[in-house]
Amino acid sequence: MGRPSLDRDTIVRTALAVIDRDGVAGLTMRKFGAELGVDPMAVYYYLPDKGALFDAVVEAVLDEVGLPEPAPGATWQSVVWDACQRLRTVLRRHPHTVPLIGTRPVLTPRTLASSDLLIRQLVDTGLSAPEGLRILTCARAYTLGHLLVEVGVPAGPPPEANVAPAEVMAAYPALAAGMAQGYDPDGQFDLGLRALIDGLGGR
């Protein structure tokens with residue numbers, strides 16, 4: 001049997017698949033080498049260290065988010081809304097990458113070019129570049145925070161319910177009334193994002 005073919009794209013796609021399945025902590029280089037069918041040290045020919053591998057995964061996820069051309073007559077509000085909705089959609093497919101996206105600002109030519117294009121789209125709607133960057137930073141932070149609550153993996157052992165649902169209904173009536181319509185992550189996200197954008201519009 002010949003040696004498995006290896007290239008940077010294969011390494012990054014496999015790393016993302018492992019993170020999707022096992023989480024960031026599950027991507028050990030020993031296990032990753034076994035997943036690829038190669039000596040783990042072979043990965044370092046394409047990426048110098050594990051940090052660079054994580055950065056490449058972040059870059060791949062952001063590539064998946066993409067940046068389509070705004071519709072004619074787009075406003076900065078619609079550009080920001082669409083960007084956040086796309087980011088949320090993609091990260092819900094890759095929930096284990098949320099901490100990576102939130103804590104590893106990847107400054108590669110591809111990610112910088114994407115950010116530059118998005119800010120230029122906002123400038124085309126009438127914002128200044130500093131205004132566009134500030135608004136995007138706020139909206140992105142909101143989106144990542146919501147995702148951390150929505151699909152993030154709990155730290156430590158799984159939380160235990162100390163109060164039975166029937167006790168909640170009886171002992172905490174306001175909370176029970178608030179929960180009566182169930183959990184609506186899409187509605188909650190849209191409500192918060194709309195409030196954030198409207199608030200920034202009246203700044």
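**Helix packing and cores in a predicted model**

Reader: In which handedness does H1 pass H2?

Author: In this predicted model, the crossing of H1 over H2 is right-handed.

Reader: Which residues make that contact?

Author: H1 contributes Thr 10, Ile 11, Thr 14, Ala 15, Val 18 and Arg 21, while H2 contributes Phe 32, Glu 35 and Leu 36. Sorted by class, five of the residues in the contact of H1 with H2 are nonpolar, two are polar and two are charged.

Reader: What are the angle and the distance between the two axes?

Author: The axes of H1 (residues 8–22) and H2 (residues 29–36) cross at roughly 115° and come within 11 Å.

Reader: Turning to the interior, how many residues are in the largest nonpolar core?

Author: That core has 32 residues, and Ile 11, Leu 27, Phe 32, Leu 53 and Leu 91 have the most contacts inside it.

Reader: Which elements give two or more residues to this core?

Author: They are H1, H2, H3 (50–65), H4 (76–93), H5 (98–103) and H7 (129–151). H3 provides the largest share, eight residues.

Reader: What is Leu 53 in contact with, leaving aside its neighbours within four places in sequence?

Author: Leu 53 is in contact with Ile 11, Ala 15, Leu 27, Met 29, Phe 32 and Leu 47.

Reader: Which residues does the second, separate core include?

Author: The second core has 17 residues, among them Val 79, Ile 119, Leu 127 and Leu 193.

Reader: A change of topic: where does Gln 121 lie?

Author: Gln 121 lies in helix H6, which covers residues 109–124.

Reader: Is Gln 121 buried or exposed, and why?

Author: Gln 121 counts as buried because its relative accessibility is 7%, and the cut-off for buried is under 20%. Leaving aside neighbours within four places in sequence, Gln 121 is in contact with Leu 67, Pro 68, Glu 69, Pro 70 and Val 79. Val 79 is also one of the residues of the second core.

Reader: And Glu 131, which helix does it lie in?

Author: Glu 131 lies in H7. With a relative accessible area of 24%, Glu 131 is partly exposed.

Reader: Which backbone atom lies 2.9 Å from a polar atom of the Glu 131 side chain?

Author: It is the backbone nitrogen of Ser 128.

Reader: What separates the C-alpha atoms of Glu 131 and Asp 39?

Author: Those C-alpha atoms are separated by 48 Å, and the two residues are 92 residues apart along the chain.

Methods: Residues are numbered from 1 along each chain as its sequence is written. This is a predicted model: local features need pLDDT of at least 70, side-chain atom pairs count only at pLDDT 80 or more; totals for chains, interfaces and linings use all residues. Side-chain values use heavy atoms; hydrogens and water are left out. Axes are lines fitted to C-alpha atoms, for helices over the stretch in contact, and angles run from 0 to 180 degrees between N-to-C directions. Helices (H or I, at least four residues) and strands (E, at least two) are DSSP runs, numbered from the N terminus. A crossing is left-handed if the near helix is turned anticlockwise from the far one by less than a right angle, and right-handed if clockwise. Contact means heavy atoms within 4.5 Å. Ala, Val, Leu, Ile, Met, Phe, Trp, Tyr, Cys and Pro count as nonpolar, Asp, Glu, Lys and Arg as charged, and the others, Gly among them, as polar. A nonpolar core is a set of buried Ala, Val, Leu, Ile, Met, Phe, Trp, Tyr and Cys residues joined through side-chain atoms within 4.5 Å. Buried means under 20% relative accessible area, exposed over 50%, partly exposed in between (1.4 Å probe, protein chains only). A polar contact is a pair of N or O atoms within 3.5 Å; within protein, one must be able to donate a hydrogen and the other to accept it, and residues adjacent in sequence count only if both atoms are side-chain atoms.
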